Amino acid sequence: MSADEESVFDVYRDRVDRPLYRLFTEYGLDEWPWLVVGMVGNVVARVSSLLPAVVLGAAIDSALDGDEAYELPLVPASLLPTNAPDIEQFWFSVGLIVASFLVTAVLTWVYGVSANNFAHRVMHAVRTDSYTKMQDLDMWFFDDKQTGEVMSVLNNDATNLERFLDDALQNSVRIGVMLLGIGVVLFLENAQLAFVTLVAVPVMVAFTYWFMKTVEPRYVAQREAVADLNTRLENAVGGMELVKTTGTETYETERVEDTSYDYFRKTLAMLRLNYVYRPGMELLAGVSFGVTFVVGGLWLITGAAPGPLSGELTAGAFVTFILLSQRFVTPLAEVSNIVSQYENAKASCERVFGLQDIPRRVTDEPDAVELDDVDGRVEYDGVSFRYAESTDAAAGVEGDAETVIRDVNFEVEPGNTLALVGPTGAGKSTLLKLLLRLYDVSDGAVRVDGHDVRDVTARSLRRSIGYVSQDTYLFDGSVAENVRYGRFDASDEAVHDAARAAEAHEFITNLPDGYDTQIGERGVKLSGGQRQRLSIARTVLQDPEILVLDEATSSVDTETEMLIQRSLDTLAADRTTFIIAHRLSTVRDADGIIVLEDGEVVERGTHDDLLAEDGLYAKLWGVQAGEIESLPEEFVERARARQAETVVSGNDD
Ligand code: ADP
């Protein structure tokens with residue numbers, strides 16, 4: 001895949017339609033009680049937080065200062081001490097104010113708990129679901145080495161969504177309630193003065209809109225700068241050995257400095273707008289407050305409505321106005337945060353669903369059967385295969401990819417060993433990946449005990465095949481856990497026996513904590529030979545009927561190699577075994593040998609047959625056994641041509 005081509009991940013991300021809507025319908029609905037309780041709690045808590053200012057106004061006009069009837073907007077007079085003595089009205093007000101503080105406190109707690117539960121429950125579901133779906137993706141997806149991106153989806157994007165569901169969602173409810181609530185209360189108290197107070201709101205909204213428009217590209221630039229900085233640092237730290245050995249520390253320091261400075265500048269460019277926005281909003285609120293104060297104040301002092309206004313204003317209503325007009329600013333100023341969280345969440349959500357939407361090609365047929373009681377007869381019947389470009393594969397179209405396996409036919413009887421020999425890139429690994437059904441054949445069929453591998457469940461197929469590869473992966477955990485991986489119920493006894501068979505028991509018992517020694521990234525580092533023997537032990541314990549050995553070319557010393565060879569011989573003894581052989585000495589006893597070149601079987605037979613044939617195998621054998629000095633010129637030429645091709649397709653990656 002070339003750099004300017006989109007990865008399959010990008011393709012499916014771009015196709016996601018209304019991501020946040022999907023988030024709510026596919027995941028949010030399952031947790032709706034938390035959402036509803038959170039929303040209701042939030043709304044009621046906000047409304048009740050507005051109450052003290054209104055009650056204070058009513059108390060001033062009826063009990064504290066004036067002698068008017070006690071009334072509250074929207075509340076029927078029959079519920080209020082309308083014409084009761086001042087002291088009763090006073091205590092009634094105190095009670096209401098205390099109650100509203102209590103209600104606000106309790107409901108803020110309720111809404112906090114519910115909103116958090118909603119956000120985190122949804123994200124837990126999204127994360128585990130995405131992981132499960134990702135795990136089911138076909139092997140070609142992982143060939144493209146998109147693991148970095150996948151990690152970032154499961155980590156960063158999930159966190160972005162969490163933040164959105166938690167903060168942004170509830171804050172936008174709060175803003176709505178506050179603006180609407182304050183507006184309604186003020187209009188009910190005194191519509192004319194409300195008009196004066198709220199005249200600044202459209203200006204605030206316009207200012208906020210301008211801010212969002214201007215800040216958005218700067219946010220984007222800043223996010224990109226963060227990504228660049230991370231890449232730079234990762235590169236520099238990862239390549240530390242090269243940096244030190246080439247003495248390029250100053251060069252690297254400068255590069256890091258440059259990227260960091262770029263990030264610094266872009267962050268400030270973004271923050272600079274914030275410096276303007278917040279004070280700007282304060283100022284506008286100040287203007288609104290000032291105008292209200294002047295107009296309301298004159299109205300009260302002169303007792304007559306100023307200018308075009310009419311009617312009357314009470315001191316209590318004036319106090320309510322002054323208190324509430326202060327409370328516009330904070331919620332409005334939060335709009336910018338909400339918008340940025342919304343943009344982030346949308347992008348993250350697209351990536352999450354993009355990952356989930358990538359189609360699987362290798363899937364179990366609806367009527368797939370379990371493969372059990374395997375004898376181990378394996379048959380390749382006219383098998384051809386080409387790796388599709390991942391994007392083609394995802395789109396389900398046949399690309400123009402090169403055929404890497406061409407019309408391969410053979411049969412292996414249960415318990416026999418077949419060795420695959422041939423130059424790098426001949427297709428040996430690919431051929432066996434078809435047996436494990438990591439990919440589906442393009443033509444022909446691979447059969448196990450007469451079952452086409454596409455007709456049985458992938459899991460039962462793979463459980464009957466043991467795979468020992470050159471690069472052995474070990475999980476963080478103890479030695480015993482790693483050997484037991486896949487056979488979790490194996491007894492300690494069985495684990496030890498498997499380790500003995502793999503010639504691993506001795507070195508394990510010499511480790512600081514024996515079988516309980518922690519290995520992997522955060523534990524003891526093991527040598528290549530030791531790792532390989534652990535993986536052999538794991539396979540011994542798994543006891544598969546069919547075995548695939550991708551023989552090590554890695555640098556183990558002769559002694560270790562001998563131990564590994566012994567353990568492999570034990571392992572292979574009574575199973576159908578495929579060996580991808582690099583050292584021909586290991587295959588001379590195989591029941592059959594197949595020589596592959598450019599995806600085609602060019603020679604087949606036993607060791608002796610092939611020597612007699614005097615072809616590629618005989619020549620390779622001669623070189624490895626030291627009988628002839630080098631390959632004849634014609635083979636060297638072919639090897640050169642192949643290597644040249646490999647470089648071209650390698651660049652394409
Ligand atoms: P061998 O195991 O004999 O060294 P492989 O089976 O690894 O050969 O490779 C056979 C051919 O398939 C090579 O040309 C290689 O470049 C190509 N190939 C291997 N893996 C992939 C992949 N994941 N995607 C595309 N092409 C691949």
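**Group meeting talk: domains, surface patches and salt bridges of a predicted model**

Good morning. The domain assignment divides the protein chain into domain 1 (8-357), domain 2 (378-464 + 544-644) and domain 3 (476-534); such bounds come from an automatic or database domain assignment. Between the C-alpha centres of domain 1 and domain 3 the distance is 53 Å.

A word on the basis of what follows. This is a predicted model, in which local features need pLDDT of at least 70 and side-chain atom pairs count only at pLDDT 80 or more, while totals for chains, interfaces and linings use all residues. Residues are numbered from 1 along each chain as its sequence is written, and side-chain values use heavy atoms, with hydrogens and water left out.

Let me begin with the surface. Which residues gather in a patch of negative charge? They are D364, E365, D367, E370, D372, D373, D375, D455 and E545. A patch is built from residues with over 30% relative accessible area and no salt bridge, where like charges are joined within 9 Å and nonpolar side chains (Val, Leu, Ile, Met, Phe, Trp, Tyr) within 5 Å. In counting charge, Asp and Glu are negative and Lys and Arg positive, whereas His and the chain ends are not counted. The place of a charge is taken as NZ of Lys, CZ of Arg, CG of Asp or CD of Glu.

Consider one member of this patch, D375. Its place is the loop between α13 (335-357) and β1 (378-386). Helices (H or I, at least four residues) and strands (E, at least two) are DSSP runs, numbered from the N terminus. D375 counts as exposed because its relative accessible area is 52%. The terms are these: buried means under 20% relative accessible area, exposed over 50%, and partly exposed in between (1.4 Å probe, protein chains only).

There is also a nonpolar patch on the surface, formed by W32, V36, V40, V43, V44, V47 and V103. Together these residues have about 550 Å² of accessible area, computed by the Shrake-Rupley method with a 1.4 Å probe, with only the protein chains shown counting as cover for residues. Which helix gives the most to the nonpolar patch? Helix α3 (residues 32-64) does, with six residues. W32 lies in helix α3, and with a relative accessible area of 52%, W32 is exposed.

Another exposed residue is L283, at 61% relative accessibility. L283 belongs to helix α10 (residues 249-302). Along the chain, L283 and M204 are 79 residues apart, yet their C-alpha atoms are separated by 9.9 Å. Y27 and P279 offer a second pair: 252 residues apart along the chain, with 39 Å between their C-alpha atoms. Y27 is located in the loop between α2 and α3, and is Y27 buried or exposed? Y27 is buried, because its relative accessibility is 7%.

I now turn to salt bridges. The search of the whole structure finds 22 of them, each being a side-chain nitrogen of Lys or Arg within 4 Å of a carboxyl oxygen of Asp or Glu.

In the first example, R22 forms a salt bridge with D357, and the closest N and O atoms are 2.9 Å apart. This pair links distant parts of the chain, since R22 is in helix α2 (residues 19-26) and D357 in helix α13, 335 residues apart. R22 is buried at 17% relative accessible area, whereas D357 is partly exposed at 28%.

A second example lies within one helix. D10 and R13 are both in helix α1 (residues 8-15), three residues apart, about one turn of the helix. Their side chains meet in a salt bridge of 3.5 Å, N to O. D10 counts as buried, at 18% relative accessibility.

The third example joins R484 and D492, whose side chains meet at 2.6 Å, N to O. R484 is buried, with 16% relative accessible area, while D492 is partly exposed, with 49%. Elsewhere, salt bridges that share partners join D10, R13 and D14 into one network.

Finally, the backbone. Most residues other than glycine have a negative phi. D598 is not a glycine, yet has a positive phi of about 45 degrees. D598 sits in the loop between β11 (592-597) and β12 (600-605) and is partly exposed, at 38%. D614, also not a glycine, has a positive phi of about 60 degrees. The loop between α22 (607-613) and α23 (616-624) holds D614, which is partly exposed, at 49%.

Thank you for your attention.
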